[in-house]
Amino acid sequence: MRSRKLTLLIGASLSTLMMAGPAGAETLQEAIASAFQTNPALQIERYRTEIARENLGLARSAGMPQVNLSGSAGYEYVDTNSLLNFGTGDRPIASAQLQASQPIYTGGRISAGIRQAEAGIDAASESFDAATQDLILNVVTAYVDVRRDREAVAIRKNNVDVTGEQVRAAEDRFEVGVVTLTDVAQSRARLEGARAALAGAEAALVGSEAYYQFLTGLVPGVLAAPPPVPALPASLEAATAEGLANNPSIEAARQQLRAAGAGVDAAKAEGRPQVSLVGTVGVQETWGDDSRRDTNISAVAQGRIPLFTGGAVKAQVNSAKLQREQARRQVDALETQVRAQVAQAWFGYSASLRAIEASQRQVEAAEIAYDGAKEELAVGVRTTLDVLDQEQQLFEARLALVAAERDAYVAAHQLLRATGSLGTGG
């Protein structure tokens, strides 16, 4: 029930980030699509998936017949001290051989290799999904960061304008003797502080826009409001269970564990007997005084039993087992990491929503206090410093609201990424 309230509240509370943009504005979906087309990290993962598919074909080919055609041609010189010698001297010679071999028994090496390659394809596919979701999260974060920083610059500029008016008003009141030079100095100090804060906000905006361009390849123009947050899990427990079941990083590690298990079987097979069926057809032509053609055809079963390998097979098996154990520990580590990511995103989202509510009330109260302080200054009840303090509180409240709205939107998508459902719906 609490989660539903949080989900409904996010749609109603993101007053700044979800503000409708002008027609023709750049959308979040367009930014993500552009990132998919230009981001090199995603291209790397695509190639990795294709390589894994080719590895499966290579593993399957080990169980297919192998046919080789070989040939040779040249001259042969024959010399002998035998009393009965025929066909001595130079003569041309040529031979050709066609050989086909079919593995019959490999101790499970071929089947293990195929399982290993299939697991590699699944691992590469899950890694690609993880990279896709990471890219979506990065683009979402960069997109709302630009919108937040632009809003912060607008607020800071407004602060400079309002504080500038306060300085001019203080100077006018000083000219007629209503306030002291101290009031004017305080106003000027606040104005310089507002200008410094504006410069900092503008620098942050330049950084956000540069990172957005790096991710998407787009120069950020007018950014439309991002879409509402997709449906979130009903509870922290449900989110954790979903993350452990669907997070692509965990699933990729599980497939790598499966591949490592097949690797152990493949290593063990190297110490088992190998049986192949080999068929050979050979032809040899000799020209000269006694030209002749020799033809041979054979079909044999060849077997090989490793008796002593100097410890190579044992070392291969031990290495494969260690790799399997390493892969198992990687799965455990990622499950722990995902639990932490889900909890962090869940509570961060909840805290951001509470911060939005508090900031909205703070803005409302600060606006009332600021308007009242200006009226009381006009009748001499408040000082210039009082008005400046209320003005500063109002602008800080507005900035806090903008930051809280951004944090809530990002935390919701971080939760979706941790559960493995970012980009799969909504």
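Here is a friendly exchange about a predicted model and the terms used to describe it.

Me: Let's start with the overall layout. What makes up the fold, and in which order do the elements come?

Reply: The protein has nine helices and four strands. Read from the N terminus, the order is α-α-α-β-β-α-α-α-α-β-β-α-α. Of its 426 residues, 38% count as buried. The protein exposes about 22,900 Å², and carbon and sulfur atoms supply 56% of that area.

Me: How do you know which sequence separations the contacts in the protein join?

Reply: Take the contacts between residues at least 6 apart in sequence: 84% of them join residues at least 24 apart.

Me: Why is Tyr143 called buried or exposed?

Reply: The cut-off for buried is under 20% relative accessible area. Tyr143 has a relative accessible area of 0%, so Tyr143 is buried. Its place is in helix 4.

Me: What does Tyr143 touch, leaving out residues up to four places away in sequence?

Reply: Tyr143 touches Glu26, Thr27, Leu28, Ala31, Tyr212, Leu223, Ala224 and Pro226. One of these partners, Tyr212, is 69 residues from Tyr143 in sequence, yet the two C-alpha atoms are 6.6 Å apart in space. Tyr212 is among the buried residues of helix 5.

Me: Which residues touch the most other members of the largest nonpolar core?

Reply: Val139 and Tyr143 do, in a core of 63 residues. The elements giving two or more residues to this core are helix 2 (28-38), helix 4 (109-175), helix 5, helix 6 (236-246), helix 7 (248-269), helix 8 (312-378) and helix 9 (384-419). Helix 8 supplies the largest share, with 14 residues. There is also a second, separate core of six residues, including Ala52, Ala59, Ile121 and Ala124.

Me: How do you know how the span of helix 4 compares with the expected one?

Reply: The expected value uses 1.5 Å a residue, which gives 99 Å for the 67 residues of helix 4. From its first C-alpha to its last, helix 4 reaches 96 Å, close to that expectation. Gly177 follows helix 4 and has a positive phi, near 80°.

Me: And what does the same check say for helix 5?

Reply: Helix 5 (residues 181-216) has 36 residues and reaches 52 Å, close to the expected 52 Å. Gly217 follows helix 5, and its phi is positive too, near 75°. The buried residues of helix 5 include Ser187, Leu191, Ala194, Leu198, Ala201, Leu205 and Ser208. As a general point, an α-helix has 3.6 residues a turn, so residues three or four places apart point the same way.

Me: What makes Arg168 and Glu165 a salt bridge?

Reply: The cut-off is a nitrogen-to-oxygen distance within 4 Å. The side chains of Arg168 and Glu165 meet at 2.5 Å, N to O, so the pair qualifies. Both residues lie in helix 4, three residues apart, about one turn of the helix.

Me: Why are Arg168 and Glu165 called partly exposed?

Reply: Partly exposed covers the range between the buried limit of 20% and the exposed limit of 50%. Arg168 has a relative accessible area of 42%, so it belongs in that range. Glu165, at 47%, also counts as partly exposed.

Me: How do you know that Arg398 and Glu367 form a salt bridge, and what does the pair tie together?

Reply: Their closest N and O atoms are 3.4 Å apart, and the limit is 4 Å. Arg398 lies in helix 9 and Glu367 in helix 8, so the pair ties together parts that are 31 residues apart in sequence. Arg398 is partly exposed at 23%, and Glu367 is partly exposed at 32%.

Me: How many salt bridges does the structure hold, and which residues are linked in a network?

Reply: The structure holds 23 salt bridges. Asp145, Arg148, Asp149, Arg406 and Asp407 are linked in a network of them.

Me: Last one: why is Leu69 called buried or exposed?

Reply: Exposed means over 50% relative accessible area. Leu69 is at 68%, so Leu69 counts as exposed. Leu69 sits in strand 1 (residues 66-78). With Val67, Leu98, Val281 and Ile297, Leu69 forms a nonpolar surface patch of about 510 Å² of accessible area together.

Technical notes: Residues are numbered from 1 along each chain as its sequence is written. This is a predicted model: local features need pLDDT of at least 70, side-chain atom pairs count only at pLDDT 80 or more; totals for chains, interfaces and linings use all residues. Side-chain values use heavy atoms; hydrogens and water are left out. The expected span of a helix is 1.5 Å times one less than its number of residues. Buried means under 20% relative accessible area, exposed over 50%, partly exposed in between (1.4 Å probe, protein chains only). A nonpolar core is a set of buried Ala, Val, Leu, Ile, Met, Phe, Trp, Tyr and Cys residues joined through side-chain atoms within 4.5 Å. Contact means heavy atoms within 4.5 Å. Accessible areas come from the Shrake-Rupley method with a 1.4 Å probe; for residues, only the protein chains shown count as cover. Patches are made of residues with over 30% relative accessible area and no salt bridge: like charges are joined within 9 Å, nonpolar side chains (Val, Leu, Ile, Met, Phe, Trp, Tyr) within 5 Å.
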